[in-house]
Amino acid sequence: MTQSRIFLLCSILAFAPSTGWSQASLVIQRGPLAGFTYHQAPQLWTDLREGDELILMLERKNAHDSQAVRVTWRDQTIGYLPRNLNGAIARALDSGIRLNAHILHLREHPDPRRRIEIEIRVLLDSANRSP
């Protein structure tokens, strides 16, 4: 997502009416989970379900990527957003925009990078910003 798209998203959030849109959301990203084999995902694989809520956490002090976005499920790190897809999400989190994420697809696949696909949404609500 480019900076102009982030600006458009922020504009939508700033001017969205507080009534009628409170349950509406906008999908802003769908993509794979990186680092499947390096974190807790293999041990949790049989417990994960499509639709499960995920928490996104910005890791500005990550030694490998200053825009790293950690993905957790029930307080367990299951991976990260891929580096080539994390910039816009990192900026949105850094700006205080609350994002919802969940497991979109689970697949038995020999390539671990294709086993978990996640979806990230933003609520179209004028009160979206974190306190």
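## Pairing of β5 and β6

In this predicted model, Ala-101 stands opposite Ile-120, a residue of β6. The two strands β5 and β6 run antiparallel and are joined by 7 bridges.

## The sheet and the helix packed on it

An open sheet of 6 strands, with antiparallel pairing, follows the order β1-β6-β5-β2-β3-β4. The edges are taken by β1 (25–32) and β4 (76–80), each of which has a single partner strand, so that one side of each is left without a neighbour in the sheet. From one strand to the next, the twist averages 35°.

The helix α3 packs on this sheet, where it touches β1, β2, β3, β5 and β6, and its direction makes about 85° with that of β2.

## The nonpolar core

The largest nonpolar core has 25 residues, and those with the most contacts inside it are Leu-99, Ile-116 and Ile-120. At least two residues of this core are supplied by each of α2 (41–44), β2 (53–59), β3 (68–73), α3 (87–94), β5 (99–106) and β6 (116–123), and the largest share, 4 residues, comes from β6.

## The surroundings of Ile-120

Which residues does Ile-120 touch, not counting residues up to four places away in sequence? The contacts of Ile-120 include Leu-26, Val-27, Ile-28 and Gln-29, together with Leu-56, Leu-81 and Ile-89, and they extend to Leu-99, Asn-100 and Ala-101. Ala-101 is thus named twice for Ile-120, since it is among the residues touched and also stands opposite Ile-120, while Leu-99, another residue touched by Ile-120, is itself one of the residues with the most contacts inside the core.

Methods: Residues numbered from 1 in each chain as written. Predicted model: local features only at pLDDT ≥ 70, side-chain atom pairs only at ≥ 80, totals over all residues. Heavy atoms only, no water. Core = buried A, V, L, I, M, F, W, Y, C linked by side-chain atoms within 4.5 Å. Buried < 20%, exposed > 50% of the residue type's maximum accessible area, 1.4 Å probe, protein only. Contact = heavy atoms within 4.5 Å. Pairing = 2+ DSSP bridges. Axes fitted to C-alpha atoms, helices over the stretch in contact; angles between N-to-C directions.
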